[in-house]
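Me: Could you take a close look at the unusual backbone spots in this model for me? I'd like to know where they sit in the chains.

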Amino acid sequence: MNEALLAELRDRRNPDGGWPAWEDLPSNAECTALARMAFAAAGPEGAAEAAAATGWLLRHQATDGSWSYQPDVPLGTWPTSLAALALGPQAEHGEAVRAAVRHIVEQEARKLPWLTNVLYRFARERMSVELNPSLNGWPWTEGAFSWVEPTAYAVIALKRYGRLAGRGATGRLEEGERMILDRTCAGGGWNHGNYRVLGEDLEPYPDTTAIALLALQGAGRLPEVEGGLRVLDRLLDAHASGGTLALARLAQRAWSVADTGARRRLETLSMAPDDFGETRGIALAILALAADGNPFLLGNVS
Amino acid sequence: MIGRRAFVKSIGAAAVAPTLVRCAEPPEEPRGPRWLPEAEIRPDRSSVAVLAAGAYDGRLTDVVRRGLELFSVPVRGRRVVLKPNLVEFDPGGVINTHPLLIAATIEALREQGAGEVTVAEGPGHRRDNDYLLSASGLAEVLRDTGARYVDLNVDAARPVELRSHYTGLGRLYLPATVLDADLLISMPKMKTHHWAGVTLSMKNLFGIIPSAIYGWPKNVLHWQGIDNSILDINAALTMPRFNIVDGIVGMEGNGPIQGTARPTGVLVFGADPVAVDATSATVMGLDPTRVTYLAQAGDFMGNVELERVEQRGEAPERLRQEYRLLEPFRELRAGLTSAG
């Protein structure tokens, strides 16, 4: 366990028991969920902080089972998947996680008019944004279209805990996987979710690529997975931020890819934890460097 | 290069095949006025200054200083927020407001007694600000100047009731850093835009929308229509504002990401964002009254007709260039007849 990063994450806790994106900001559901995962992975030495994060999350869950990013703003419900992953279905908060999983299964992204879907089906390569809009993933917030990152979080959460929602989960997560595969960039990897606009290919991002690879655990060594892993390795040369390196290392671990330097770079960055960057990145780095106890690594879960 | 219209027209379905990014049918036309009386702030006349600036070099501070002085911008003791355009990074591209212009502006503001200068942006596509800042060179500027940077995508957000009704959203959650500013300076890149025609001071403020709430890209607003969103965001902001357009090297063609560099050699200054953008569009060779959101903003927010804009610097027509446009925006070209 990286003690320097744990100490930095501990220092960033707000008095309300949650974690902010940066110091002096209010606590948010994403950072608090990731902090809970990180402290839970630390075992007994992180128990107090994990309990604080649990308390914050349980206090701020909406009645429909969701968590919004900022508790007093009823939009941006994408952290619901992260909160469910962070809490897990232990007895004391089993109902909270069941409600969250039900919300994830029921939440649908905005759909295009049927005729537009038909046009995409028959003339996809001639549309200005080239993708399959009929595949229903997850939005960042209610009423928006499907994008890669929130879809990936939802897929991971359903792979872990979809059984809590009954039959509906399997169909949703399978479609979510298809949606992620559909959005693969031409040379491999993923960006926010548009791979080709106005006839021009858009570039993948390493952090989104890593998150998509985490979601595809259990899908087998598909060409999209192989391509994503190759792209990730290439893109990391130009990316030095802790959060992106951490996500990349997590994805490499998920796919049993040897460390190509991300771990060493993370450890170097952790020597100056004040400068590490966003709280999110610190929590992810703790998880990437931890030996086990990582909700993002699905192991035998499928 | 294939224009958007080539895609849409080729399937003979222009009316039903908008893009996923711009795919929403326009919200229903609201009944009644589209803005509240308090949003009607268009002055009788506005002032803009187009100043020559040949390169991103050490002389920029002088140009910015002159631009601020021409308008007696009140900065002493104020909390100033600079909102550059930092949307993506392409090593061979000109996507973002140049960091040296941001550095020059910080320096000029401090010389004039600004209380605090913060650089703030909410990149629309990427979450990794550390990467964008370091790759774009802005991190170095922040380090050298000691200016604070705020990622608006994750800033504390507060509800703001809208003063216009183009999107029909009624309210937006906006970042506290922007809402608490004593002076907000929009610092866009002079660019064409493949959905909105041009992106300048007004469109640049799309970046203040917090993505942690609305998503990357700011998808909820895209569904409500980009033009509508530009109008509602700009009409909602009540703090003093100023605008500095980076037109030293602009972008033409398939902007705002994949266009090509267009050296233009100007900075455009002014307090009225509509007048600044109308002037900038003129420099780009466009008729600003044909840019949908500028024409609509000209009804209540600022001056789009250049007859109502006093030019305190170079005459924009004298510096006019012919920015390359995607086919669907050809009708924006100044001097074309409506059938042209």
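Reply: Here's a walk through the backbone oddities, one by one. Keep in mind that this is a predicted model.

Some background helps: most peptide bonds are trans, and most residues other than glycine have a negative phi. The spots below go against one or the other of those habits.

Let's start with the cis peptide bonds in chain B. One runs from B:Trp216 to B:Pro217, with omega near -10°. If you want to find B:Pro217 on screen, look in the loop between α8 (211-214) and α9 (219-223) of chain B. Another cis bond joins B:Gly255 and B:Pro256, and here omega is about 15°. B:Pro256 also belongs to a loop, this time linking β10 (241-252) and β11 (260-270) of chain B.

Now for the phi angles. In chain A, have a look at A:Leu198: its phi is near 50°, which is positive even though the residue isn't glycine. You'll find A:Leu198 in the loop between β1 (196-197) and β2 (200-201) of chain A. A:Leu198 counts as buried because 21 other C-beta atoms lie within 10 Å, and the cut-off for that label is 20 or more.

Back in chain B, B:Ser72 has a positive phi too, near 45°, and it isn't glycine either. B:Ser72 lies in the loop between α2 (60-70) and β2 (79-84) of chain B. Its surroundings are another matter: B:Ser72 has 9 C-beta neighbours inside 10 Å, so it counts as exposed, given that the label applies at 12 or fewer.

Conventions:
Residues are numbered from 1 along each chain as its sequence is written. Chains are lettered from A and ligands numbered from 1 in the order in which they are written. This is a predicted model: local features need pLDDT of at least 70, side-chain atom pairs count only at pLDDT 80 or more; totals for chains, interfaces and linings use all residues. Helices (H or I, at least four residues) and strands (E, at least two) are DSSP runs, numbered from the N terminus.
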